[in-house]
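I opened the model and went through it one topic at a time. My notes follow in the order in which I looked things up.

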Amino acid sequence: MLLRFSLYGLLKNQRYFEAFLVLAFVERGLSFTEIGVLVALRELTTNVLEVPSGVFADLVGRRRAMVGSFAAYVVAYLVLGLVAGLWPTALGMLLIGVGDAFRSGTHKAMIFDWLAAQGRQDERVAVYGFTRSWSQVGSAIAVPIAATVVFVRGGHADVFWLSAIPAALNLVNLATYPRALEGARRSDATAAEAVRALWTAVRALLPSRPLRRLLLEAAGISGLYKAIKDYLQPLLEGVALSLPLLLRHDDAARSAVLVGAVYAILFLLSAFASRRAHRVVERSKSLERAAGAVRTAVVLVLAAMLVGLWLPWPVVAIVAFVALAMLHNVFRPLLVSRFDEHAPAELGATVLSVESQATSLGAVMLAPLLGLAVDLASGSGGAVQLWPVAAGGLVLAGLVAVVARPRAEPAP
């Protein structure tokens, strides 16, 4: 099953638009505020559906939830690629949010269930980090393909609809997972039972101080990363257009070369970081200490990013964006493993969906604010000013690093 789990991640991240999302929306005439709202719409959809989708997966069947997720992705990518305009773009982002909601916590729960059945629970960080690394490899493969398409076509529309092909292949992969990974499926489940299951999950989460801290980390670190990661794209475009290279080509083609190269490196390094996440735990001697070290490193990297964007030293800022991606891919296996450690086994998908919901909620609140801040700092007709992204991220990550520290237990 490790091969199937890894194939899932490889195909899932064949999102050829991922490294060009902001640039594609700017090409369509959208402001950074509007782009932030679109990102928030995607994350809000995920947020609203996250827990119900986890309950649905636990009660009705995890494979069914995953197949529905990738069906939504296929339609979303076709809409984004084949129909122009703000409202079709909003519909496409909404459908991506639906797909994310029915996918995120569910597949992690399937992996952890498989490990439990194999008696390998102590390998959670290593196995999840390994499968997540294949997701990053998938992104690294997708980037040069996407960059080639943009370079040849001179625009970004094709990278959306082409993404529907691997999504459809992954739908087949998931539909043929073993029935044993379906979970505790109930074909006669009712809405009342779903509400009771949801209430049980809430009651399991809220009284637990460790789980409350983990929810804060999910919103403040993972949600922050979701909200700021795509601002690397306009930074790279600005650098690419300032270089005296490929002057006979249009702006999209010229920027595609640098964007493709940097994102390929970013995803390969992220895959390496994810696969080595368990090493951080081994050296730190515990999951909690490892997470604390990563939180501190995130604060330092955001400080370097702010310096690079403010002065401006674009190379410093680009390196900081890449370093932040690597840290996030170390942080994610640590976070979901700590959730699984504290969550009741029978609520696996539901609790992990709550984690994803907290991440989405963080992005929902931050994305429009950061987009508005960038538009205000840039002004009309001026160069794009991205320093508010790093400034806002630094403040939030610093607060999370302080608040999320485990409290010392009182002496007996």
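Entry 1, L232. I began with the surroundings of L232, setting aside neighbours within four places in sequence. L232 is in contact with V262, Y263, L266, I318 and F321. I note here that I am working from a predicted model.

Entry 2, the core. I then asked which residues touch the most other members of the largest nonpolar core. They are F20 and L232, in a core of 111 residues. Helix α15, residues 314-342, gives the most to this core, with 14 residues. I318 and F321, listed above as contacts of L232, fall within the range of α15.

Entry 3, the chain as a whole. I looked up the secondary structure and found 17 helices and 0 strands in the protein chain. Of its 412 residues, 55% count as buried. The chain exposes about 17,300 Å², and carbon and sulfur atoms supply 68% of that area. I also checked the sequence range of the contacts: among those between residues at least 6 apart in sequence, 83% join residues at least 24 apart.

Entry 4, α1 against α6. I took helix α1 (residues 2-12) and helix α6 (residues 124-153) as a pair. Their axes come within 7 Å and cross at roughly 35 degrees. I recorded the crossing of α1 and α6 as right-handed. On the α1 side, the residues that meet α6 are L2, F5, S6, G9, L10 and K12. On the α6 side they are V127, F130, T131, W134, S135, V137, G138 and I141. Sorted by class, this contact has 8 nonpolar, 5 polar and 1 charged residues.

Entry 5, A240. I placed A240 in helix α11, residues 232-242, the range that begins at number 232. Is A240 buried or exposed? With a relative accessible area of 6%, A240 is under the 20% cut-off and therefore buried. Not counting residues up to four places away in sequence, A240 touches R254, S255 and L258. I also looked up the distance from A240 to A253: 10.0 Å, C-alpha to C-alpha, for 13 residues of separation in sequence.

Entry 6, V389. I found V389 in helix α17, residues 387-403. Its relative accessible area is 1%, so V389 is buried. Leaving aside neighbours within four places in sequence, I listed I228, Y231, L370 and V374 as its contacts. A227 lies 162 residues from V389 along the chain, and the two C-alpha atoms are separated by 8.9 Å.

Entry 7, the L311 to P312 bond. I checked the peptide bond between L311 and P312 and found it cis, with omega about -10 degrees. P312 is in the loop between α14 (287-310) and α15. The helix that follows this loop is the one that gives the most residues to the largest nonpolar core.

Entry 8, K285. What is the phi of K285? I read it as near 75 degrees, a positive value in a residue other than glycine. K285 sits in the loop between α13 (277-284) and α14. Its relative accessible area is 67%, over the 50% cut-off, so I noted K285 as exposed.

Definitions and conventions:
Residues are numbered from 1 along each chain as its sequence is written. This is a predicted model: local features need pLDDT of at least 70, side-chain atom pairs count only at pLDDT 80 or more; totals for chains, interfaces and linings use all residues. Side-chain values use heavy atoms; hydrogens and water are left out. A nonpolar core is a set of buried Ala, Val, Leu, Ile, Met, Phe, Trp, Tyr and Cys residues joined through side-chain atoms within 4.5 Å. Buried means under 20% relative accessible area, exposed over 50%, partly exposed in between (1.4 Å probe, protein chains only). Helices (H or I, at least four residues) and strands (E, at least two) are DSSP runs, numbered from the N terminus. Contact means heavy atoms within 4.5 Å. Axes are lines fitted to C-alpha atoms, for helices over the stretch in contact, and angles run from 0 to 180 degrees between N-to-C directions. A crossing is left-handed if the near helix is turned anticlockwise from the far one by less than a right angle, and right-handed if clockwise. Ala, Val, Leu, Ile, Met, Phe, Trp, Tyr, Cys and Pro count as nonpolar, Asp, Glu, Lys and Arg as charged, and the others, Gly among them, as polar. Accessible areas come from the Shrake-Rupley method with a 1.4 Å probe; for residues, only the protein chains shown count as cover.
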